[in-house]
Structure formats: structure tokens, C-alpha cells
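User: I am new to this structure and would like to go through some of its contacts and strands. Please take them one at a time.

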Amino acid sequence: MFERIRRWLGLATPPTSVPDEQWARVEAWLPFLDYLDPDDRPRLRQMALEFLASKQFHGANGLELDDDILLCIALQACLPVLNIGLQAYRDWVGVIVYPGDFVIPRREYDEAGVLHEYEDEVLGEAWEGGPVLLSWFGSEGQPTGINVVIHEFAHKLDMENGGVDGLPRLRSDMSRRAWAAAFGQAFEDFCNEVDSGAETDIDPYGAEHPGEFFAVVSEVFFEAPHVLQQRFPQVYAQLALFYGVDPAQREALLRGRGWHQPSAC
């Protein structure tokens, strides 16, 4: 009966056990997971299952969420908190997945007090105290150089201590001053770079706001760590402390062995 109710509500039933071949198939869509230490892979898989058991997944606009989609999202969602812990995601339960980008109605007042209503086409959104909204493209149409899942879950980490301002709850051994210095200068430099019309390997959307900059560079940190390390080494160092991993080191090791990143799904 409960399963029928879940289907009627559009809620996906997460897998409780996953065969090795399925893990391998899903992880092949996420080649940047190879930047983890091999000993971290089993921990990430277990955390992904715990995450799926603790959240409610809903496929919107007719999207049916199969186990591969659920696992793919969960692995990416858990990657930022692998060494932080799932308690960082404890205050909300919902994940809503759309087939491609989607529209959110907006109502905003300008400085003169005039109300503006419009429809905003987005790839994802994280609501403070509420659900995470994600787009799913599958093997076709995936936006290049953008990781929606890591981006929105970085926002969730940013919200842990209130609001989206680019300053998440830091580890006890980290310095707020060092974080602010690294991110403040990098954000200013990046905004100047984007405003000048220069080509950048980092999504220019990061210039919209310090909170967006944190989410965007978190994407790059996990997916193309050498890019971030070369462009903003102090930001990379702060994120390595915050996330508790050093993916650029592993990436350099793999490339030294002649490894080439395959195309993601």
C-alpha cells in the first residue's frame, strides 16, 4: 500500500543495495570521481545510499526517476560532504528533479517599490529550509562545463549558517579571515575578467554574486581541479581544507600515468 501511495505522489523509491556492475555504470557518467582516493569510493557509495534513504525524491513534469538517476544524483550530492558528514543536509528532505531546465515564477520589487513579475528559466535551485530543485538531461543536452548537482548542494552548505553569501560554516581549524581574503580577491578579479568580456574556463555565472561564485568554484574544484588551482590557487587551498580532499593532486597523478578523462553522460 505504501508503495502505491509513493507512486501516486510521484515519489521515487530509493535502492537499498546496488550491485557492483550498476555502481560501475553510474560512476562512468561521473569520471571526476576518479580524482578521489580509491579508499574513498566505498565511503562515498555508502553515504549515497544513506542520503537516498533520508530524502524524498520526486520526478516533476512526468520524469520517472530510475535507480541510475537516483544514484547519479546521490553520488554527486554526497561528494562535497564526504568528509563533512550528512548532518550538513539534515534540515530538509525534498529533491525535485525536472526533465531539463524549468521555469520558476518570480515576484520582485525594485528600489522604487514597483512589483515585477516574470518567469525565470533555471537549471536548478536550492531553497533555504526547503527542497533542492534539479534538472536532469541524461545523455543528451547536458550543459557543458556546468554541474547542477554540485552547484545546488554547495548552496545548501552555504545556507547552513544562514543565507547564501559565499561563506559556509567552516571547519573549526579554518580561518574566516583567510577564507574572506582568498574569496574576496578572487571574486573581484573574476568579476573584472567577466566584465571585460575575456574568455574564462570558469562559468561566468559565478560573477553574479559571492554565493554563486562559491557554488561555481565548488563545481570546478571537483570536476576540473587543475583549472581552479591554476586560476585561483588560494581559493583552491581554502576549498581543499573545507571539503577535506585534494583532487588536483590525484588528477595530476592520473594524468602522469597517461589517463584521459572520458566524456561524462
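**Salt bridges and a strand pair**

Analyst: R43 is partly exposed, with a relative accessible area of 36%. The model is a predicted one.

User: With which residue does R43 form a salt bridge?

Analyst: R43 lies in helix 3, and its partner lies in that helix too, three residues apart, about one turn of the helix. The partner has a relative accessible area of 14%, and because buried means under 20%, it counts as buried. The closest N and O atoms of the pair are 3.0 Å apart, and the partner is D40.

User: Which residue forms a salt bridge with E27?

Analyst: E27 is in helix 2 (residues 20–27), and its partner is in helix 3 (residues 40–54), 14 residues apart, so the pair is said to link distant parts of the chain. Both residues of this pair are buried. The closest N and O atoms are 2.8 Å apart, and the partner of E27 is R41.

User: Is E193 buried or exposed?

Analyst: E193 forms a salt bridge with R231, the closest N and O atoms being 2.5 Å apart. The pair links distant parts of the chain, with R231 in helix 8 (residues 225–231) and E193 in helix 6 (residues 176–195), 38 residues apart. R231 counts as partly exposed at 33% relative accessibility. E193 is at 15% relative accessibility, and because the cut-off is under 20%, E193 counts as buried.

User: Which residues are joined into one network by salt bridges that share partners?

Analyst: A search of the whole structure finds ten salt bridges. One of them is the bridge between E27 and R41. Salt bridges that share partners make one network of E27, D34, R41 and R45.

User: Which residue in strand 3 stands opposite H58?

Analyst: H58 belongs to strand 2 (residues 56–59), where H58 and Q56 form the uncovered face, while F57 and G59 form the covered one. Strand 2 pairs with strand 3 (residues 94–99) in the parallel sense, over four bridges. Across from H58, in strand 3, is I96.

User: What is the handedness of the β-α-β unit that contains strand 2?

Analyst: Strand 2 and strand 3 pair in the parallel sense. The unit is made of strand 2, helix 4 (residues 67–78) and strand 3, and its handedness is left-handed.

Notes
Residues are numbered from 1 along each chain as its sequence is written. This is a predicted model: local features need pLDDT of at least 70, side-chain atom pairs count only at pLDDT 80 or more; totals for chains, interfaces and linings use all residues. Side-chain values use heavy atoms; hydrogens and water are left out. Buried means under 20% relative accessible area, exposed over 50%, partly exposed in between (1.4 Å probe, protein chains only). Helices (H or I, at least four residues) and strands (E, at least two) are DSSP runs, numbered from the N terminus. Two strands pair if DSSP finds at least two bridges between them. A crossover is right-handed if, with the strands pointing away from the viewer, the path from the first strand over the helix to the second runs clockwise. A salt bridge is a side-chain nitrogen of Lys or Arg within 4 Å of a carboxyl oxygen of Asp or Glu.
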